[in-house]
Amino acid sequence: MSGGAASGAVLVGARARTLTRGQARRVAIAAQGFLDPRPEPFAATMRHVQRVVDRVGVVQIDSVNVLTRSQYLPFFSRLGPYDTALVDRARDRAPRRLVEYWAHEASLLPPSTWPLLDFRMRAAAEKAWGGMRRILQERPDYVDLVRAEVEARGPMTAREVEAALAHDQPRRSDHWGWNWSDVKQALEYLFWAGQISSAGRTSQFERRYAALAVTAPPAQRATWTDRPGAEADADRYVELVRIAARAHGVATELCLVDYFRIRREDARPAIARLVAEGELVPVTVPGWKPAWLHAEARLPRRVHVEALLSPFDSLVWTRDRIHALWDFHYRIEIYTPAHKRVHGYYVLPFLYGDALVARCDLKADRAAGVLRCHRVTWEPGAPAEARPALLRNLEAMARWLGLDAVDAVDAEDAEDAEDAVGIVDA
């Protein structure tokens, strides 16, 4: 399985003004870390994990566990088989290299990025989801009580906070007291508001709430919070756009705002500033909206990558981006009723060469020790060589997940590699 190769990689100069779609694809692939050398299987170290973090800037979390938790997949896509305990250690143990917060969605990000999202924390009372706002408005003293419990006893899950409150603040007969829903809403508000943090997740995916001192270096936050709000916010948006631009390589305004889910009106002055400073170079890509190239982006003349991508991989977050650059229509169908799904439940795009050539509906059947590939849908024009490559990648994924075999559609009757991966041409 190839981890990515580049031939004739060059630095794109500030005078560049036009990119072909192929060039833009290769820039994007390089910027996302797919061309970095892969370690041998299961030989990755924390340095490799950090390299991926530095490339992508943010890793999305999702609770669906039909294959594996989504935060582990972007590292597999870029490193090959590795020990997922490295990611857990980066998140859970000091000195923490990853902390959790609302970035693209629920995400892992470097501690240095966390204070850049202070504008979101300050807006929690107005922007947080309804239940969180309700508990703050109706019972602010209760929110303070929950915060004090976490700071005194944490890290704790919501259920552990509930149990602690049951001991410290017995439920009153008039029902004024705590209940699990209120505990959870208060915790989630405090987390959104940046008043508490997370010290990781349990194996059941429960967040472990903690005091800020546990996960957020005070000096890093003070760098931002000790400054005037408007001035600091403008600089925060510049930094967030900078991270997004570097991770994209080449990006439209939509790409840049979507990475951290910031508003266009906040991103535009930041983009203008980075253009004026020469960090972003305006470019034209046929069939795409006006875009900017990061001045340090690599433009390889050719690439060859083989990688199965999480549905939540940052390479495929922005749907109009992958449509414009790869002509790939992608929709996550997890929440689509089964009879309306086109490609399957948990569908991973397959990156081969510099193209998205297939979609694979996968499930880890842990009881049977089998990686089940329910369906493969190939894009028109996918090269024949991609088919055995996909099988190799499925086998590598099975080994990584501790599974004994790959069970693909029609595998029992397979006579060649195409049958073995259950070919369904689009």
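User: Which residue takes a positive phi in the hairpin of β6 and β7?

Analyst: In this predicted model, Phe 205 does, with a phi near 75°. The hairpin has five residues between its strands.

User: What makes β6 and β7 a pair?

Analyst: Two strands pair if DSSP finds at least two bridges between them. Strand β6 (residues 197-201) and strand β7 (residues 207-210) have three bridges, in the antiparallel sense, so they count as a pair. Ser 197 of β6 stands opposite Ala 210 in β7.

User: How do you know whether β6 is covered or not?

Analyst: Count its buried residues. Buried means under 20% relative accessible area. Five of the five residues in β6 are buried, and the strand is mostly covered.

User: Why is α1 called oblique to α16?

Analyst: The axes of helix α1 (residues 21-31) and helix α16 (residues 319-326) cross at roughly 130°. Angles over 145 count as roughly antiparallel, and 65 to 115 as roughly perpendicular. The crossing angle falls in neither range, so α1 is oblique to α16. The two axes come within 9 Å.

User: Which residues make that contact?

Analyst: From α1 come Arg 21, Ala 24, Arg 25, Ala 28 and Ile 29. From α16 come Arg 321, His 323, Ala 324, Leu 325 and Trp 326. By class, six are nonpolar, one is polar and three are charged.

User: What else is Trp 326 in contact with?

Analyst: Beyond its neighbours within four places in sequence, its contacts include Leu 315, Leu 351, Asp 354, Ala 355 and Leu 356. Trp 326 is also among the residues with the most contacts inside the largest nonpolar core, along with Leu 67 and Met 397. That core has 138 residues. Its largest share, eight residues, comes from helix α13 (residues 229-248).

User: Why is helix α14 said to be largely enclosed?

Analyst: Seven of the eight residues of α14 (residues 253-260) are buried, so the rest of the structure largely encloses this helix. Among the buried ones are Glu 253, Asp 258 and Phe 260. Just after α14, Arg 261 takes a positive phi of about 55°.

User: What makes β3 and β4 edge strands?

Analyst: The open sheet has three strands in the order β3-β5-β4, paired antiparallel. β3 (59-60) and β4 (99-102) each have a single partner strand, so one side of each is left without a neighbour in the sheet. β3 pairs with strand β5 (residues 106-109) over two bridges. In one of the bridges, Gln 60 has Ser 107 of β5 as its partner.

Terms used. Residues numbered from 1 in each chain as written. Predicted model: local features only at pLDDT ≥ 70, side-chain atom pairs only at ≥ 80, totals over all residues. Heavy atoms only, no water. Axes fitted to C-alpha atoms, helices over the stretch in contact; angles between N-to-C directions. Helix = DSSP H or I, 4+ residues; strand = E, 2+ residues; numbered from the N terminus. Parallel < 35°, antiparallel > 145°, perpendicular 65-115°, else oblique. Contact = heavy atoms within 4.5 Å. Nonpolar A, V, L, I, M, F, W, Y, C, P; charged D, E, K, R; others polar. Buried < 20%, exposed > 50% of the residue type's maximum accessible area, 1.4 Å probe, protein only. Core = buried A, V, L, I, M, F, W, Y, C linked by side-chain atoms within 4.5 Å.
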